[in-house]
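Colleague: I have the file open now, could you walk me through it?

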Amino acid sequence: MADGDRILKSEETLREDLLDNKRLEEGGQFEISHCLIVTKKGEINISKMITSLSVWEHIFRVFITAEIIVHDVNDVIANADITGTEPVHLEFRTLGSKFPVSINMVISHIKDRKKVAQTANDYTFSLISPEFLSNQRVKISTCYKEGPEAAVKDIFFNRLGSNQKLWIEDTENSNKIIIPNKSPTDALEILSQFTKSKEGNASYLFFQTTKSFHYRSYADMINAKRQGLSFTKASEDPNPGANPLAKCSRILEFDVDSDVDILKQTKLGTYASHVIEYDICNKAIIPTTLDYHKDAFNGNIKKLGKHPITPGGPVGEDENSDISSFSNSKVELIIAARTANYRVYNLEAAHESGVTHLDHENKPRRMAEINSMLIQRAKVKIAGISGIQAGDIININIHKPLAEEGISKDITTPNLDKKLSGNWLIESVAHNIVVNDKYYCEMYIIRDSVDTKQTDYELLNYNLDQVEHITGDNNRTPDLDF
């Protein structure tokens, strides 16, 4: 199969899939198509032996992982002589869905074995993607001269040896990048720091979902042209006659995992930072300063909503200083050689044309975009949707509790919590199936902004003339006994 045939360029929508579902009667219904293990003694189908399974995908952890618990009453597993690295093909789906979770994995180890009866054993298998295993075995020492897109394709298809689909956002820059004895994922991390798209997007991530691999920017994820799903935290189950979309769009659990942490984000350089690039050949200093709020409003910083979660306005006694005014909170010095890195040192010292210098100017912006994604984080549990994946955008509606009636039930005029409702990016998805129960998706969702403008900070005014000084009798400072 040619590389181009394996590069995924678009996503399908899940909304229509759920609306057209003719088999789903309630949320959480599922079917396991098959689970095949290729052993030294042949292929075995353990789909009827599975008691539970979990598959995890995460935009910050590169590879998917899985765990399967099997109840074996006929010593099928014991007779298969499983020792690790056996290929496993697993496929399951939301009942009636056209979008299954269909993945190729390998057994990394047997995590647990329990004897539950005289002739029955429970086995827990840990599974990893084949690319995960290749990543541990391969090191790359080379110089890529044709830019990041060609380098990513070489690493993915040739070094990792993957035959999976790759969603890759088109890149623009053409850099020479040296990879010094790094694993494929470490090499891709180096490339991502200097990759810029044709639209100017710079915050690239490489990760695997249950649908494909992705090498794309944060901006590409939040601007994906797809009809996203909307979920609502309601007090009652949907009407039994409701369509499958309504049955699957109820939030079963919602908890805020982390909220705004000013100290942490200031330390990370999310709001303001200063990068000093020193060109050792030209003896030049190239400074780059980030002001998160200014750059967010003028479009230089990509964000999910219209307004940053952290408001603007003065945060001290200086009315001209806001939370993004302190660039010295994160300072980094980079030693570089600019275009001299790419000279051909022969008698003529000719410059190699068509190659641009490494883009260190975008480092503060990339750092701010990646860090700001985690300003607000929540954990959500919904009925299992096999088509959903990490990196998707979803809409969340959280109804505020009412004093007399509890959570608002009138969907047409909901009393929405504006701080928690709106669009979120799915950071991770855990597909959890318990065979005698149901299929659930537990997701961590993140965001950097909201659609409703926050109230700006006000100027702090410590007027000491209005402070009442506490003293002892006869205006004498009281004695302090320790």
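**Cysteines, cores and surface**

Modeller: Starting with the cysteines, and bearing in mind that this is a predicted model, the sulfur of C248 lies 9.3 Å from the closest cysteine sulfur, which belongs to C441, and that is too far for a bond.

Colleague: How many disulfides does a search of the whole structure find?

Modeller: The search finds zero disulfides.

Colleague: And C248, buried or exposed?

Modeller: C248 counts as buried, at 1% relative accessibility, whereas C143 is partly exposed, with a relative accessible area of 30%.

Colleague: Switching to the interior, which residues touch the most other members of the largest nonpolar core?

Modeller: Those are I388, M443 and I445, in a core of 55 residues. There is also a second, separate core of 23 residues, which includes F63, V152, Y204 and F213.

Colleague: What does I445 touch, leaving out residues up to four places away in sequence?

Modeller: Its contacts include F254, V380, I394, I396, W424, L425 and I426, and also Q376, R377 and E427.

Colleague: What about helix 10, how many of its residues are buried?

Modeller: Helix 10 spans residues 363-372 and is mostly covered, with nine of its ten residues buried; among the buried ones are R365, R366 and E369, along with M367 and I370.

Colleague: Last topic, which residues form a nonpolar patch on the surface?

Modeller: V260, I262 and Y457 form one, and together they have about 200 Å² of accessible area. Y457 is found in the segment after strand 26, which covers 449-450, and Y457 is partly exposed, with a relative accessible area of 32%.

Terms used:
Residues numbered from 1 in each chain as written. Predicted model: local features only at pLDDT ≥ 70, side-chain atom pairs only at ≥ 80, totals over all residues. Heavy atoms only, no water. Buried < 20%, exposed > 50% of the residue type's maximum accessible area, 1.4 Å probe, protein only. Helix = DSSP H or I, 4+ residues; strand = E, 2+ residues; numbered from the N terminus. Core = buried A, V, L, I, M, F, W, Y, C linked by side-chain atoms within 4.5 Å. Contact = heavy atoms within 4.5 Å. Patch = residues over 30% accessible without salt bridge, like charges linked within 9 Å, V, L, I, M, F, W, Y side chains within 5 Å. Areas by Shrake-Rupley, 256 points an atom, 1.4 Å probe, with all protein chains shown as cover. Salt bridge = Lys/Arg side-chain N within 4 Å of Asp/Glu carboxyl O. Disulfide = S-S within 2.5 Å.
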